[in-house]
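Me: Could you take me through the empty space in this protein, one part at a time? I'd like a close look at the largest cavity, with the largest pocket alongside it.

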Amino acid sequence: MSSSRSDQSLIQNLGTPPSGASPEVDIASGLLPKGKDATFDSWFAIGHFEAEGHTISFLVHIMTLNANGVIVAVNGSAGITDETTGWVGATDVAYPAFRAKVAKDRLSLVTPNSSLGGDLHELRARAKWKNASIDVTMRPVGYPLYNKGTGRFDLLGMDVRQYSLPTLQTTGTVTIDGREFTVEGTSWFDRQWQRQGLKLPGKWTWMDLNLDNGWRVSLWDAIATDGTPDGWATVIDESGNHTVTRLTPLIEDATDYWLTPKSGARYPTRWTVRLPDLDAAFEVVPHPREQEVKGVLSRYEGASSVTGSVMGEPVNGYCYVEMVGDWMAT
């Protein structure tokens, strides 16, 4: 299959069954809220740009908390990192349901600080807070990524559904400390839903590795409360071929721990990602390391650089590192 299909619209490529994957989720209907099928419903967009001599990354994340199929709260979160200057800004607010608008029949999520909407032809993400804003339009191209090859997996005892649209051609504006940048680059959209309790049974690290060899990698590394590890990575190439592969536990090589003054969490901020069956290893480093999002669910969302090799060939890239759960210092 020609790699040129990586530039075709996502909808064009959905008609081709992905090699190495057996999907258990539907991409189009999966955009819609899940009601009784989920206690947590999540839509997540992240992007990376080079603009006017600055390396800029953004995230917009909207999540609903549901009880018996009824939305009781909507969390609106957004962040911007200027990796060149070290500027970091974020907003994270949990709103009661009456202060948000969540459509049932289409993707339209609106909170006072952020919004996500659109379809598989075009998605739009917006956010605004003090001296900062995001307004981008994203066109899905290439192929979807079904996490763990099916889009359904167990994580710390939770039944999780997740797919990713890892290649979205993106244009728009990002405002940093009052200065507006016109941006053009690539974004990643993540759709996830699951049933779980309010207290997480452990902690996890997730990364989206965007590599210049054409690989897109969704990586999960979980640690249960009893210390049991569980980790893997899902890799797709430019033709949409899936490979689910084992991951050496990140804790083995994690360094440069940061004790946060806001929440008291202790996060590693440098990792060696090892995929031994693919002869691949990557160094992941956030810029800057201080990228905690403080909210109802405090977590780490770190725009990072990636350097390493695949089968002896050098590769470079970028990613976000997300750490959620019990990362409190002990």
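Reply: Sure. A cavity here is a set of grid points where a 1.4 Å probe fits but cannot get out, and a residue counts as lining if it has an atom within 4 Å of a point. Keep in mind that this is a predicted model.

With that cut-off, the structure holds three cavities of 30 Å³ or more. The largest cavity has about 80 Å³ of space in it. Around it sit 14 lining residues, and Gly-47, His-48, Asp-208, Tyr-318 and Tyr-320 are the ones nearest its centre. Which elements give two or more residues to that lining? They are strand 1 (40–51), strand 13 (179–195), strand 14 (202–211) and strand 24 (313–325). As for chemistry, the lining of this cavity splits into seven polar, five nonpolar and two charged residues.

Now for the open space. The largest pocket has a volume of about 890 Å³. Its lining is made up of 40 residues, with Phe-40, Met-63, Leu-200, Leu-297 and Val-324 nearest the centre. Strands 1, 13, 14 and 24 turn up again, each giving two or more residues to the pocket lining, and so do strand 2 (54–67), strand 3 (70–82) and strand 4 (87–96). Strand 2 gives the largest share, four residues. Sorted by type, the pocket lining has 20 nonpolar, 13 polar and seven charged residues.

Key:
Residues are numbered from 1 along each chain as its sequence is written. This is a predicted model: local features need pLDDT of at least 70, side-chain atom pairs count only at pLDDT 80 or more; totals for chains, interfaces and linings use all residues. Side-chain values use heavy atoms; hydrogens and water are left out. On a 1 Å grid over the protein atoms alone, a cavity is a set of points where a 1.4 Å probe fits but cannot get out, and a pocket is an open set with protein on both sides within 12 Å along at least five of seven lines; lining residues have an atom within 4 Å of a point. Grid points are joined across faces, edges and corners, and a volume is the space filled by probe spheres set on the points. Ala, Val, Leu, Ile, Met, Phe, Trp, Tyr, Cys and Pro count as nonpolar, Asp, Glu, Lys and Arg as charged, and the others, Gly among them, as polar.
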